[in-house]
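Visitor: I have a model open on my screen and would like a guided walk through it. Could we go one question at a time?
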Amino acid sequence: MKGYLCLQDGTTFEGKASQHFDRNVQGEVVFFTGMTGYQEVLTDPSYKGQIVVFTYPLIGNYGVNNEDGESQEIQVSGVIMYQCAEIPSHFQARKSLGAFLNEQNIPYMTEVDTREVTKAIRAEGTQQAALSLETDYLFQPTKTHQIEQVSGEKIDTYGEEGMHVILIDFGWKKSILNALLERGVRVSVLPFSKIEMLDALQPDAIVLSNGPGDPKDTVDVLPLLKKALEKFPAFGICMGHQVIALAFGGDTTKLTFGHRGANHPVKDVVSGKVFLSSQNHNYVVKEDSLNGTPLVPRFYNVNDGSIEGLMHDTKLIMSAQFHPEAHPGPKDAEWLFDHFLTLVKNKGVKTHVS
C-alpha cells in the first residue's frame with residue numbers, strides 16, 4: 001500500500017505504508033543522522049509528537065531490546081525510513097523495529113528517499129508534515145506546550161543513599177537518571193509544575209532535564225526557578241540549559257532545522273578541547289542576549305558556532321545543550337556528571353575532572 005509524506009510547503013514524497021498506517025498523522029518533521037540509537041530516539045520524550053526521518057539507509061538491523069528505551073512508550077508520531085530490517089541480528093534483541101512500531105500503533109513509511117527529504121528540510125527548515133494515504137492532506141493547527149504532555153504528575157525517588165539530587169522533569173530521559181544513579185546519588189524526579197516543593201525536598205543539587213518543544217513554554221515557572229538556581233547548585237541538560245538561560249534574562253531562538261545526531265563536534269573554551277556529542281534540539285540560546293546576565297558560554301558548536309553550554313560567573317551553575325549521558329559510540333561528554341558532582345561535594349571549589 002502506498003503512503004505519502006506531505007510537507008506543509010507542498011512537497012510530497014511517496015513510500016510504502018506500514019501495517020498500522022490507517023490514519024493521518026501530523027507533526028513537526030525532523031531528521032536524525034545517527035547510524036544507531038533509533039530505539040532511544042523513538043522513546044525520547046524530547047521527540048514528542050514529531051515525525052522522525054532517519055537519514056541512514058538501513059534502520060533496525062539490531063532490533064529492539066528491553067534496556068535501551070528512554071521512556072515507557074514510543075513518543076514520536078511517525079517514522080520515515082528507506083529500509084527497515086525485518087530480521088534483527090543481536091543477542092539482546094527481543095523484537096524487530098517494525099514489530100515495535102506496530103505494537104504501539106505508530107505509522108511508518110519505508111522505501112522513501114530519505115536523503116531527498118532531508119535536503120528539503122534543510123532547504124526550507126523544520127516544518128509541519130503529515131503521513132497520509134492521500135496527497136492532498138489538509139493541515140491542522142499546530143499543538144504547543146509539549147512539555148506538559150510528557151512531564152509527570154508525581155514525585156518519584158530512586159536510590160537510597162548518597163547526595164540528594166532533584167531531577168526537574170521537563171520530559172526526562174531514563175539515561176540521565178541512570179547516569180546519576182551510577183554515581184552513587186539519590187535522585188528525586190520533580191515535575192516542573194511542582195517546583196514550589198523543591199525546598200521541602202532538601203536537595204544537595206538540582207539537574208534540569210531535557211524536554212520537547214519551545215523552552216519559553218516554561219515562562220510561568222521561571223521566577224520560582226530562578227530563586228532555586230540562586231540557592232542550589234544546578235546542571236541543565238538540553239531543555240534545562242535553555243531554561244537556565246531564560247531564567248537569568250537570556251533569550252532563545254529556533255534553528256532552521258535543529259541539531260539531531262550522534263557526532264556533533266563541540267569545543268570547550270576552558271580546556272580548548274573538541275569532543276563529539278549526541279544532540280537533539282530545535283532551539284538555541286542567543287549569545288548576544290547573555291550580555292548583562294551572570295552567564296557566560298562554556299561550549300560552542302564547531303559546525304555553526306552556536307552556544308552549547310553555559311557557566312554562571314559566581315555560582316555553581318552549569319549547562320550543556322548536548323546530551324552528556326548519551327554515548328552511541330563515544331563517551332566524550334560523560335565526564336560532565338563527574339565534574340558537576342565533584343564540584344558540589346567540594347562546595348564549588350574548582351577541581352579538574354576529565
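Visitor: By class, how many residues in the lining of the largest pocket are nonpolar, polar and charged?

Guide: Happy to help, and please keep in mind that this is a predicted model. The largest pocket has a volume of about 780 Å³, and 38 residues line it. By class, that lining has eight charged, 21 polar and nine nonpolar residues.

Visitor: Which lining residues are the closest to the centre of that largest pocket?

Guide: Several elements contribute to the lining: β3, β9, α4, α7, β15 and β16 each supply at least two residues. The residues closest to the centre of the pocket are Glu28, Lys48, Gly49, Lys143 and Gln146.

Visitor: Which of the annotated active-site residues does the lining of the largest pocket include?

Guide: The UniProt annotation "active site", from an unreviewed entry, covers Cys238, His323 and Glu325. They are spread over 88 residues of sequence but cluster in space, with a largest C-alpha distance of 11.1 Å. Of these residues, the lining of the largest pocket includes Cys238.

Visitor: Is His323 buried or exposed?

Guide: Let's start with where it sits: His323 is in the loop between β19 and α8. Setting aside residues up to four places away in sequence, His323 touches Lys173, Asn210, Ile237, Cys238, Ser278, Gln279 and Asn280. Its relative accessible area is 3%, so His323 is buried.

Visitor: What is the relative accessibility of Glu325?

Guide: Glu325 also has a place in the loop between β19 and α8. Beyond its neighbours within four places in sequence, Glu325 is in contact with Lys173, Ser175, Ile176, Ala179, Ile237 and Phe337. Glu325 counts as buried because its relative accessibility is 3%.

Visitor: How many Å apart in space are Gln321 and Glu70, C-alpha to C-alpha?

Guide: Gln321 is another residue of the loop between β19 and α8, and it counts as buried at 0% relative accessibility. Its contacts, leaving aside neighbours within four places in sequence, include Cys238, His241, Tyr283 and Glu308. Gln321 and Glu70 are 251 residues apart in sequence, and in space their C-alpha atoms are apart by 18 Å.

Visitor: How many residues of α8 are buried?

Guide: Among the buried residues of α8 are Trp335, Leu336, Phe337, His339 and Phe340. Lys347, just after α8, takes a positive phi of about 55°. The helix α8 is mostly covered, and of its eleven residues the number buried is eight.

Visitor: Why do the buried residues of α6 line one face of the helix?

Guide: In α6, the buried residues are Leu222, Leu225, Ala228 and Leu229. Seen down the helix axis, they line one face because they fall within an arc of 115°. On the other side of α6, the exposed residues are Pro223 and Lys227.

Visitor: Which elements do the buried residues of α6 pack against?

Guide: The residues doing the packing are Leu222, Leu225, Ala228 and Leu229, which are buried in α6. Their partners comprise strands and a helix: β11, β13, β14, β19 and α7.

Visitor: How far apart are the end C-alpha atoms over residues 1-132?

Guide: Residues 1-132 are covered by the UniProt annotation "domain: Carbamoyl-phosphate synthase small subunit N-terminal", from an unreviewed entry. Over this stretch the chain is 18% helix and 30% strand. The end C-alpha atoms of residues 1-132 are apart by 11 Å.

Visitor: What relative accessible area does Gln127 have?

Guide: Gln127 is found in strand β9. Not counting residues up to four places away in sequence, Gln127 touches Leu7, Gln8, Asp9, Gly27, Glu28 and Val29. Gln127 is buried, and its relative accessible area is 11%.

Visitor: What is the phi of Asn105 near?

Guide: Asn105 lies in the loop between α2 and β8. At 30% relative accessibility, Asn105 counts as partly exposed. Its phi is positive although Asn105 is a residue other than glycine, with a value near 60°.

Visitor: And what is the phi of His145?

Guide: His145 is in the loop between β9 and α4. It counts as partly exposed, at 32% relative accessibility. His145 is not a glycine, yet its phi is positive, at about 55°.

Note on methods. Residues are numbered from 1 along each chain as its sequence is written. This is a predicted model: local features need pLDDT of at least 70, side-chain atom pairs count only at pLDDT 80 or more; totals for chains, interfaces and linings use all residues. Side-chain values use heavy atoms; hydrogens and water are left out. Buried means under 20% relative accessible area, exposed over 50%, partly exposed in between (1.4 Å probe, protein chains only). Helices (H or I, at least four residues) and strands (E, at least two) are DSSP runs, numbered from the N terminus. The arc is that of the directions from the helix axis to the C-beta atoms. Contact means heavy atoms within 4.5 Å. UniProt positions are given in the numbering used here, feature names are shortened, and annotations may be inferred rather than shown by experiment. On a 1 Å grid over the protein atoms alone, a cavity is a set of points where a 1.4 Å probe fits but cannot get out, and a pocket is an open set with protein on both sides within 12 Å along at least five of seven lines; lining residues have an atom within 4 Å of a point. Grid points are joined across faces, edges and corners, and a volume is the space filled by probe spheres set on the points. Ala, Val, Leu, Ile, Met, Phe, Trp, Tyr, Cys and Pro count as nonpolar, Asp, Glu, Lys and Arg as charged, and the others, Gly among them, as polar.
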